[in-house]
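Q: Please take a close look at one part of this protein, the residue that carries a modification annotation, and describe its surroundings together with the fold that holds it.

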Amino acid sequence: MKTENFPKEIRPYIIPKQKGQMVYRCLGCGLEYGIEKLLYTCPACGQVLLIYDSHFDRLKDIPGTLWQQIFDYRKMLKIPALKGIYLYHEFIGPVIPPEAVVWLGEGHTPVVEANAFMQEKAGGKFYFKNDGQNPSASFKDRGMASALSYIHFLVQSGLVSDVLAICASTGDTSASAALYASYLKPHIKSAVLLPHKKVTPQQLSQPLGSGASVFEIPGVFDDCMKVVERLAENYNVALLNSKNAWRILGQESYSYEIAQDFEYDMENKVIIVPIGNAGNITAVMSGFLKFYETGVINALPKIIGVQSEHANPVYLYYQETDAEKRKFVPVTVKPSVAQAAMIGNPVSMPRVIHLADLYNQKSDRQNVFFVEVTEQAIMDWELLANHNGHIACTHGGESLAGLVEARKQGIIDEKDVAIIDSTAHALKFSGFQEMYFENKFPAEFEVSPKPELVNAPTLVRPDDLEKVPAPGKPLEGEDFEQFVRRTSEDIANRLDLKAISD
Ligand SMILES: N[C@@H](CCOP(=O)(O)O)C(=O)O
């Protein structure tokens, strides 16, 4: 829709203006720093940062109901910069001018209601938000769109040139970083560090295909992350992991979209997210808090973070009920089908602690919970979901297993409606499905297949057929006719089909 056709009261707001004053704020000592250059940790105390708009309160001058209309009308615009996460420009990056925004199709992923069978199995109404339907097939694109739009802005402003963007990854971040960086060639190049053989072949193919420099190193993600942090401290590179607070801002869009998808009614809603490096749950809490403070939503939804037993440092931290006695201890991870979350020392842990406290305070009750699930449950729930019309990845399976666990523990009420995060596309992790179907999981995964979920292709080649087609060698005439007839009879037999009688 053209701007002149919007209602009069919306027109002044429909195209966002470059406004606000964004600063990095240290979660440790509270010092603030300007955003003219990239910072990842506080130069004074070394703690992680978050980015705040010092003029955020100006957003409260607009009533929440008007914000709702602004966002809903904005969805009708055909301006690329506002088609993705920057639909919520004022809440994500108000200082970024629309001409710096990089939009590759990310955001506004579908929210799909589970069918009746799945809802009965999982004990109530729930939806998947399919973040695997982002351009690089994971939620990381939300954060990358924000981080790369900011770097693009610095390039356009002449503050930086020839950026080398770098990240450590379990597969999704690297795919996304390489994709967005390649769009901004030649100003930005990318290099990604992956734990050798701990990334699926599909994920490995993504940064390779985008032309990034790909380095595989021994160990697990946590080892790669340390190397990347060292590189960022000592060389002129742009770190693209969620330690970079611009990533968090972009990932807040997940919360904004859920609010909009449910017409801003967040009463009795539960958001379930898997936790790896903990940037995602940080962003989800932060996003809902901002919408709540400005009256865009009427309540703060319950948030449940899920971890596998094989990579559970956040869950273990919150097992101590006395907040004073809690002490974060990194864990040594074990092989996990939720491989993207196989992280023992999440960089955003201080942000989670800070925001979970704030979230509970603003909710006037405990409203952030953490559960852990088995590897077996992750696989079983992922496959059951996908047998019922979904495209959940193993992390989507982890979220669903978390929903069931949370219901069992009474964290979720009967009237609650859950929205669960399927962070990536199922196809990225099809190797785990194959291992399940072929019963080939090494013992340390602790997964054995349930016969009712196993599937395998059947080769149909009737014994009595003398000739069959082959690539480049088609059959013709009677041979072809016989091939089609016998093969279809064989399939009809196997499927127990009854012939149509006329
Ligand atoms: N799961 C991640 C690990 C890195 O997370 P990030 O959000 O800090 O970049 C991945 O896909 O690499």
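A: A residue is counted as buried if 20 or more other C-beta atoms lie within 10 Å of its own, as exposed if 12 or fewer do, and as partly exposed in between. In this predicted model, 47% of the 502 residues of the protein count as buried.

The annotated residue is K140. According to the UniProt record, an unreviewed entry, K140 is covered by the annotation "modified residue: N6-(pyridoxal phosphate)lysine". K140 lies in helix α5, which comprises residues 140–156. Around K140 there are 35 other C-beta atoms within 10 Å, and K140 is therefore buried under the cut-off of 20 or more. Leaving out residues up to four places away in sequence, K140 touches D172, T173 and S176.

Two of these contacts lead to the ligand. D172 and T173 belong to the residues that come nearest to the ligand, together with S169, S242 and N277. The shell around the ligand has 14 residues; by class, 3 are nonpolar, 9 polar and 2 charged.

T173 also leads to the nonpolar core. L240 is in contact with T173, and also with M144, A147, A165, I166, C167 and A177, when neighbours within four places in sequence are set aside. The largest nonpolar core has 135 residues, and L240 is among the members that touch the most others, along with I166, A177, V228, I272, V284 and M285.

Helix α6 spans residues 172–183, and the loop between α6 and strand β7 (188–195) contains P186. The peptide bond that joins K185 and P186 is cis, with omega of about 5°.

As for the fold as a whole, the protein has 17 helices and 13 strands. Its radius of gyration is 25 Å, close to the 23 Å that the globule rule gives for 502 residues, so the protein is as compact as a globular protein of that length. The C-alpha trace spans about 80 × 55 × 50 Å along its principal axes. Of the contacts between residues at least 6 apart in sequence, 72% join residues at least 24 apart.

The loop between α16 (430–437) and α17 (477–494) offers a contrast with K140 in burial. N439 is found in this loop, and with 11 C-beta neighbours inside 10 Å it counts as exposed. E446 is in the loop between α16 and α17 as well; E446 has 16 C-beta neighbours inside 10 Å and counts as partly exposed. Phi is positive at both residues, neither being glycine: near 50° for N439 and near 60° for E446.

Note on methods
Residues numbered from 1 in each chain as written. Predicted model: local features only at pLDDT ≥ 70, side-chain atom pairs only at ≥ 80, totals over all residues. Core = buried A, V, L, I, M, F, W, Y, C linked by C-beta atoms within 7 Å. Contact = placed C-beta atoms within 7 Å. Helix = DSSP H or I, 4+ residues; strand = E, 2+ residues; numbered from the N terminus. Rg over C-alpha atoms; globule rule 2.2 N^0.38 Å. Near = placed C-beta within 6 Å. Nonpolar A, V, L, I, M, F, W, Y, C, P; charged D, E, K, R; others polar. UniProt positions renumbered as here; feature names shortened; annotations may be inferred.
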